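Trainee: I'm new to this structure and would love a close look at a single part. Could you walk me through one place where two helices pack together?

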Amino acid sequence: IIFGATGFTGRLCAEYMAQNYPTSVKWAIAGRNRKKLDEILGVVKGINPAANPAIIIADSFDGKAVEQMCAQTKVLATTSGPFTTYGENVIASCAKLGTHYLDITGETPWVSDMQEKYSQTAEQSGAKIVNFAGFDSIPSDLGALMVAQFIKEQSGKPVKSIKHMVGAMEGEASGGTIASALTMMSQFFTQPVKMITKSRDAHMLTPVGKKGKDTVPAGISPGYDSDLKLFTAPWVMSFTNNHVVRKSAAFLDYGPNFTYSEHMLCSGGPLGFLLAMGTSVGFALAPLIMVFAVVPPFKYITNMFLPQPGQGPSKETIKNGHFTITIIGKSDSTPSSMAVGIVKGIQDPGYGETSKMLMESALCLALQEKELPKKSGFLTTAMAMGQPLIQRLRNAGMTFEVK
């Protein structure tokens, strides 16, 4: 079931299924508005007349309807965000019923809260609750897994460090993504103590007994990478991805001294230095800028100029988007051995590739369960699916390579 199918990303997911798996699996589109769902069904049939997903009506705030929806499927993938606002009933129902769950949230504090509330229930029911199954945070999580496993296989040593370097990228944000970011940021004003405490925990998603030694939160300082000989700037998604990868590292035993960081690559000359410095200044000013987006009366003016939920980039923009990530791993040994991984996407990362990643993750859970680790509860994509999902994404056109 694709829940939130009438939203911008949900529609892309339905289109992806119609293009690639119209009749090979039993699937459905779900949401609260029958008229809009009928419109999505028309789009799906326009792509492939043989595609015939069922339609399920459920409102995120109607716990009974959500539970009835979750009871009808083996796997539910939701794009209905902000998840802080619309997500809890869906997770609670899936955890209770043993239904596997996926989302594309980047709202780490919310996931931490849900994990504390529903982890034991999901473990008992057998549900795999997999958050961050889009651009947040599959390239980071599976890319780190790929490099960590390669280093162990080649050197026989654990991994000491992995650096995730974001290079060439083109894409745009939709109204839904912006709404999710603003919802999360607004909590720093409504729940400042809780949010500041969580943000200072470099292992927010990792249970106390499993937290590693890597205690440095995502930073906002510029840097210089001696391996690539390029200046680096802060990467906005590191504030989510770091927590996900560190949880995977703890449970999959990357190494006792493992550290992880993410950066955006700039050039190596004076212009690269200036870009790195400028980006860092932007990060430092971000809290002040966010005041105008989340605090009345400023937010009412700001919202007039932002895309609204349901709005997003054009099909041409999505098609022409792309991203390339370089992942550098080093073994925990003297001398240290190094591996370099590449993860690439061939469409807009937040929409074309995210819808692909979410749907391939859902299909992996639905069709390849016998190949997957016998784990339940709140899992990362690396913990829940690992190499089978990497191979699915390769088959779907993404690049995951290491040497």
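Mentor: Happy to! Let's look at the residues that meet: on the H1 side they are Arg11, Ala14, Glu15, Ala18 and Gln19, and on the H2 side Ile40, Val43, Val44 and Ile47. By character, the residues of this contact divide into six nonpolar, one polar and two charged. Keep in mind that what you see is a predicted model.

Now for the geometry. Two packed helices are described by the angle between their axes and the distance between those axes. Here H1 covers residues 8-20 and H2 covers residues 34-47; they pack at an angle of about 30°, and their axes lie 9 Å apart. Angles under 35 degrees count as roughly parallel, so H1 is roughly parallel to H2. As for handedness, H1 and H2 cross in a right-handed way.

If you would like to look beyond this pair, try the largest nonpolar core, which holds 93 residues. Met69 and Leu102 are the members that touch the most other members. Helix H7, residues 138-155, gives the most to this core, with eight residues. You can also follow Met69 outward: leaving aside neighbours within four places in sequence, Met69 is in contact with Ile1, Phe3, Ala30, Ile56, Ala58 and Leu76.

Definitions and conventions: Residues are numbered from 1 along each chain as its sequence is written. This is a predicted model: local features need pLDDT of at least 70, side-chain atom pairs count only at pLDDT 80 or more; totals for chains, interfaces and linings use all residues. Side-chain values use heavy atoms; hydrogens and water are left out. Axes are lines fitted to C-alpha atoms, for helices over the stretch in contact, and angles run from 0 to 180 degrees between N-to-C directions. Helices (H or I, at least four residues) and strands (E, at least two) are DSSP runs, numbered from the N terminus. Angles under 35 degrees count as roughly parallel, over 145 as roughly antiparallel, 65 to 115 as roughly perpendicular and the rest as oblique. A crossing is left-handed if the near helix is turned anticlockwise from the far one by less than a right angle, and right-handed if clockwise. Contact means heavy atoms within 4.5 Å. Ala, Val, Leu, Ile, Met, Phe, Trp, Tyr, Cys and Pro count as nonpolar, Asp, Glu, Lys and Arg as charged, and the others, Gly among them, as polar. A nonpolar core is a set of buried Ala, Val, Leu, Ile, Met, Phe, Trp, Tyr and Cys residues joined through side-chain atoms within 4.5 Å. Buried means under 20% relative accessible area, exposed over 50%, partly exposed in between (1.4 Å probe, protein chains only).
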